[in-house]
Amino acid sequence: MGATGSKLEKALGDQFPEGERYFGLENFGNTCYCNSILQALYFCVPFREQLLEYYANNKNPVESEENLLTCLAELFSQISSQKKKTGVIAPKRFVQRVRRENEVFRGYMHQDAQEFLNFLLNQLTEILVKESQSALCPPSQERIANGQNKTLENGKKEPVVTWVQKNFQGLLTNETKCLRCETVTARVETFLDLSLDIEQNTSITSCLKNFCSTETLNAEDKFFCDKCCSLQEAQKSMKLKKLPQIFVIHLKRFKYMEALGRHKKLGYRVPYPLDMKLYDNTEETDKEYNLVAVVVHVGSGPNHGHYVSVVKSHNHWLFFDDENVEMVDESFVQSFFGSSQEFSTNTDHGYMLFYESPPTNNDS
């Protein structure tokens, strides 16, 4: 690893707990989108711990067939069980599995980190739901005791909520109010990450307020009201109903420009706080969040560029760029806010933000 590696290892030994590991990931041809997300997820500690627990309970290859979940669990276990504190690991088996599961990721083209995270979390959830359903037939006494085989009043089984969903899934209320009869139609939707439109020199709080703002539907966008049995003007709004334990915010930095006939990257300055409070409508209280990871897009456009990540571990920040790992200070984390100038040579911009809420007595 050379002098730089030795220096990092010494710093890690002095300032970090014995059990933590900080390993770079080998790039297999434009797999930086994958590596940056993997690093962010590894340092979302509740997710990592549950994944390692899953691995400990399912490492018998005879009983479990290989899938994305087993490959990810094996990779995280491989990292956490290394003798050295830092080094490089090749996530080859996991990348091969990703390419086998989704043709979008099969080539060596630049891919979108947010699309990859969404695909990964949905796949992990799907696998866990299937495993849980097979375990529920017939229901074991233990699962019944744990409330994992509940039957609803209509006779249907209550949907399984996996530990992936418990970590990342939040709820939105999509409300539409008819302006003629004032009937409100509400639909609850789930999200694993929240995509926010951005503007120049705005803030995360402002972006969230805009996301939840009221929009009037009129002209060709009128709403079909079931009560009026016709198209009517209406007001539509989105509200955050329940906040997740790990709140992933995706800043929509790529916008389609009709004049250009292509997507353009928005280098807007959007400062993100290191900690923040958001109101949770379900719990009727403020939820505190700490920033634990930032996935950064480097480059001027959506179809090319590079992804890196900055993560927080035990009150210190580390920079991961594929195989390379460095300790950085807090000001470095804030250098990815974006530019207040329309034309800037700096193309390193915060793209995905991972906020974690400290567990409370109500969290299971």
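The following exchange concerns a predicted model and asks how several of its descriptions are reached.

Me: Why is phenylalanine 47 called buried?
Reply: Buried means under 20% relative accessible area. Phenylalanine 47 has 0% relative accessibility, so it counts as buried.

Me: What does phenylalanine 47 touch, apart from its neighbours within four places in sequence?
Reply: Phenylalanine 47 is in contact with Leu41, Leu72, Phe76, Leu124, Trp163, Val164, Asn167, Phe168 and Ile246. Two of these residues, Phe76 and Trp163, return below as ring partners.

Me: What makes phenylalanine 47 and phenylalanine 76 an edge-to-face aromatic pair?
Reply: Rings pair if their centres lie within 6.5 Å, and planes over 60 degrees apart count as edge-to-face. Here the centres are 6.3 Å apart and the planes stand at 90°, so both conditions are met. The pair links distant parts of the chain, with phenylalanine 47 in helix H3 (residues 45-57) and phenylalanine 76 in helix H4 (residues 68-80), 29 residues apart. Phenylalanine 76 also counts as buried, at 1% relative accessibility.

Me: Why is the pair of phenylalanine 47 and tryptophan 163 called tilted?
Reply: Planes under 30 degrees apart count as stacked, over 60 as edge-to-face and the rest as tilted. The angle in this pair is 50°, with 5.9 Å centre to centre, and the pair is therefore tilted. This pair too links distant parts of the chain: phenylalanine 47 lies in helix H3 and tryptophan 163 in helix H8, 116 residues apart.

Me: How do you know that tryptophan 163 is buried?
Reply: Its relative accessible area is 16%. The limit for buried is under 20%, so tryptophan 163 is buried.

Me: How many aromatic pairs are counted, and which residues do ring pairs link into a cluster?
Reply: The count comes to 21 aromatic pairs. Ring pairs link Phe16, Tyr22, Tyr42, Phe43, Phe47, Tyr54, Phe76, Trp163, Phe168 and Phe320 into a cluster.

Me: Which residues of the largest nonpolar core touch the most other members?
Reply: Of its 60 residues, these are Phe47, Phe94, Phe116 and Phe354. Helix H6 (residues 113-135) gives this core its largest share, nine residues. A second, separate core has 34 residues, including Leu172, Leu196, Ile249 and Phe319.

Me: Why is threonine 162 buried, and where does it lie?
Reply: Threonine 162 has a relative accessible area of 5% and is therefore buried, the limit being under 20%. It lies in the loop between helix H7 (141-145) and helix H8 (163-168). Leaving aside neighbours within four places in sequence, threonine 162 is in contact with Thr125, Leu128 and Val129.

Me: What makes lysine 222 partly exposed?
Reply: Partly exposed covers values between the limit for buried, under 20%, and that for exposed, over 50%. Lysine 222 stands at 38% relative accessibility, so it counts as partly exposed. Lysine 222 lies in the loop between strand S6 (215-217) and strand S7 (223-225). Beyond four places in sequence, lysine 222 touches Leu217, Leu231, Gln232 and Glu233. From lysine 222 to glutamine 232 the distance is 5.3 Å, C-alpha to C-alpha, although they are 10 residues apart in sequence.

Me: What lines the largest cavity?
Reply: The lining consists of Asn35, Ser36, Gln39, Tyr307, Val308, Ser309, Phe320, Asp321 and Asp322. By class, it has three nonpolar, four polar and two charged residues. Helix H2 (32-42), strand S15 (306-313) and strand S16 (316-321) each supply at least two lining residues. The space in this cavity is about 30 Å³.

Conventions: Residues are numbered from 1 along each chain as its sequence is written. This is a predicted model: local features need pLDDT of at least 70, side-chain atom pairs count only at pLDDT 80 or more; totals for chains, interfaces and linings use all residues. Side-chain values use heavy atoms; hydrogens and water are left out. Helices (H or I, at least four residues) and strands (E, at least two) are DSSP runs, numbered from the N terminus. Buried means under 20% relative accessible area, exposed over 50%, partly exposed in between (1.4 Å probe, protein chains only). Contact means heavy atoms within 4.5 Å. On a 1 Å grid over the protein atoms alone, a cavity is a set of points where a 1.4 Å probe fits but cannot get out, and a pocket is an open set with protein on both sides within 12 Å along at least five of seven lines; lining residues have an atom within 4 Å of a point. Grid points are joined across faces, edges and corners, and a volume is the space filled by probe spheres set on the points. Ala, Val, Leu, Ile, Met, Phe, Trp, Tyr, Cys and Pro count as nonpolar, Asp, Glu, Lys and Arg as charged, and the others, Gly among them, as polar. A nonpolar core is a set of buried Ala, Val, Leu, Ile, Met, Phe, Trp, Tyr and Cys residues joined through side-chain atoms within 4.5 Å. Rings of Phe, Tyr and Trp (its six-membered ring) pair if their centres lie within 6.5 Å; planes under 30 degrees apart count as stacked, over 60 as edge-to-face and the rest as tilted.
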